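I opened the model today to look up a few things. My notes follow in the order I checked them.

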Amino acid sequence: MAAISLQQVRKFYDNGFHAVRDFNLDIGDGEFVVFVGPSGCGKSTTLRMIAGLEEISDGQLRIGGTVVNDLEPKARDIAMVFQSYALYPHMTVRQNMGFALKLDGVPKTAITQRVDEAARMLQLDHLLDRRPKELSGGQRQRVALGRAIVRKPQAFLMDEPLSNLDAKLRVEMRASILKLHRQLGVTTVYVTHDQVEAMTMGDRIVVMKGGEIQQVASPMELYERPVNVFVGGFIGSPAMSFLDGELRDGSVTGDGYALRLPAAMAARAAGNQGAGRAVKLGLRPEILSLDPATGAALAVVVDVVEPLGAETIVTLRVGGGTVVARLGGNVKLVPEQAITLYLDTARVHVFDAATEANIG
Ligand code: ATP
């Protein structure tokens with residue numbers, strides 16, 4: 001097992017495209033770190049640079065303290081798991097899992113033992129004699145994981161390993177991967193574009209956009225203290241809503257609303273800008289409620305009602321803006337109904353309208 005450290009790592013593709021900018025990150029020994037961000041943000045490129053499948057244009061990559069920029073993938077002692085399982089169709093599960101060890105000249109009895117051990121962990125023991133075409137998608141992905149495990153690498157790198165699976169299986173496999181990580185304690189870097197996957201799996205999450213790290217934090221920290229509008233909007237489902245407004249004398253006023261902020265928050269957000277400051281308010285769906293005890297009143301018009309059983313997701317209009325609220329399962333609301341919601345202003349996020357940085 002090993003720590004992985006990236007210092008000022010950059011990637012320019014041959015066409016001059018700057019895919020990764022000044023990437024700095026220290027991944028602890030045994031840590032499970034998730035890279036998340038929208039398509040094209042550079043997460044796969046970064047993972048592939050760690051794997052040695054993509055050349056590092058600039059900066060330094062260390063695995064286990066050693067600079068490995070110029071080491072071949074094989075010499076880095078890491079195992080990669082991809083979205084496509086890439087199993088050999090003519091080989092059995094046992095042969096697929098043991099193949100890399102065989103190439104490395106590991107003795108046959110040791111291969112059998114390691115494959116059996118990995119198969120037990122992944123509940124593949126009864127499938128060892130089957131060929132890939134006789135397996136379900138989830139089972140194939142387990143074999144792909146098994147193939148990585150038997151090598152006992154210093155780190156696992158996983159690139160969207162679950163995106164070919166249906167929703168239910170994805171949830172099951174998430175749990176399997178986490179259990180495996182608990183058992184083996186191997187440093188893991190996991191790439192996904194799915195923020196729910198990132199939130200449920202990562203010890204720490206690296207949120208990327210446009211080749212740049214936006215924030216590195218634990219799931220709860222990301223949720224509760226997003227550094228900017230992008231992170232606030234990307235993490236959380238339903239997403240954070242944003243209202244444009246102007247902060248002046250402790251209150252934010254915008255189209256169709258006026259809210260008094262808690263004094264400390266207003267002072268932080270105002271900074272040294274004495275006059276009004278253009279801001280965006282960030283509202284998580286759960287800080288809105290029908291209960292007046294929650295806080296400040298907000299006049300809204302119901303737009304869309306989505307009953308989910310235990311809760312109801314309601315999209316509402318505030319002047320020309322939109323907010324989404326997570327309300328109880330038994331609310332009776334209809335589109336175009338004018339209602340008052342109540343807002344816990346202590347849990348509002350205030351972002352600067354121009355820089356989009358969190359200033360509250
Ligand atoms: P996705 O979730 O879609 O895989 P990603 O965040 O993993 O996205 P990357 O695959 O790392 O994104 O790509 C980052 C950027 O680099 C993208 O804009 C992509 O178009 C570009 N890119 C990737 N490979 C090359 C290449 N070989 N040459 C030029 N540009 C590339």
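Leaving aside neighbours within four places in sequence, which residues is Val-189 in contact with? I am working from a predicted model. I found Val-189 in contact with Ile-4, Ile-27, Val-33 and Phe-35. Leu-47, Ile-50, Ala-155 and Leu-157 complete the set.

**Cores.** I then looked at the core around this residue. The largest nonpolar core has 62 residues. Val-189 is among the members that touch the most others, along with Val-34, Ala-155, Leu-157 and Val-207. Ala-155 and Leu-157 thus turn up twice in my notes, here and as contacts of Val-189. I also noted a second, separate core of 30 residues. Val-229, Leu-281, Val-323 and Val-350 are included in this second core. Nonpolar side chains tend to be buried together in soluble globular proteins.

**Ligand shell.** Next I checked the surroundings of the ligand. There are 13 residues around it. Tyr-13, Ala-19, Ser-39, Ser-44 and Thr-45 come nearest. Which element gives the largest share of this shell? It is helix 1, residues 43–51, with three residues. I sorted the shell by class: eight residues are polar, four are nonpolar and one is charged.

**Helix pair.** I turned to helix 2 (residues 93–103) and helix 4 (residues 137–149). Their axes are 7 Å apart, and they pack at an angle of about 30°. I logged the crossing of helix 2 and helix 4 as right-handed. Helix 2 brings Val-93, Asn-96, Met-97 and Ala-100 to the contact. Helix 4 brings Val-143, Gly-146 and Arg-147. By class, I have four nonpolar residues, two polar and one charged in this contact.

**Backbone oddments.** Last, I went through the loops. The peptide bond from Ser-237 to Pro-238 is cis, and its omega is near -5°. Pro-238 sits in the loop between helix 8 (229–234) and strand 11 (241–248).

Glu-160 is not a glycine, yet has a positive phi of about 45°. I placed Glu-160 in the loop between strand 7 (155–159) and helix 5 (167–184). Is Glu-160 partly exposed or buried? It counts as partly exposed, because it has 19 C-beta neighbours inside 10 Å, and buried would need 20 or more.

Glu-336 also has a positive phi, about 75°, and is not a glycine. I found Glu-336 in the loop between strand 18 (321–328) and strand 19 (338–343). With 8 other C-beta atoms within 10 Å, Glu-336 is exposed.

Notes. Residues numbered from 1 in each chain as written. Predicted model: local features only at pLDDT ≥ 70, side-chain atom pairs only at ≥ 80, totals over all residues. Near = placed C-beta within 6 Å. Helix = DSSP H or I, 4+ residues; strand = E, 2+ residues; numbered from the N terminus. Nonpolar A, V, L, I, M, F, W, Y, C, P; charged D, E, K, R; others polar. Core = buried A, V, L, I, M, F, W, Y, C linked by C-beta atoms within 7 Å. Buried ≥ 20, exposed ≤ 12 C-beta atoms within 10 Å, placed from the backbone. Contact = placed C-beta atoms within 7 Å. Axes fitted to C-alpha atoms, helices over the stretch in contact; angles between N-to-C directions. Left-handed = near helix turned anticlockwise from the far one by under 90°.
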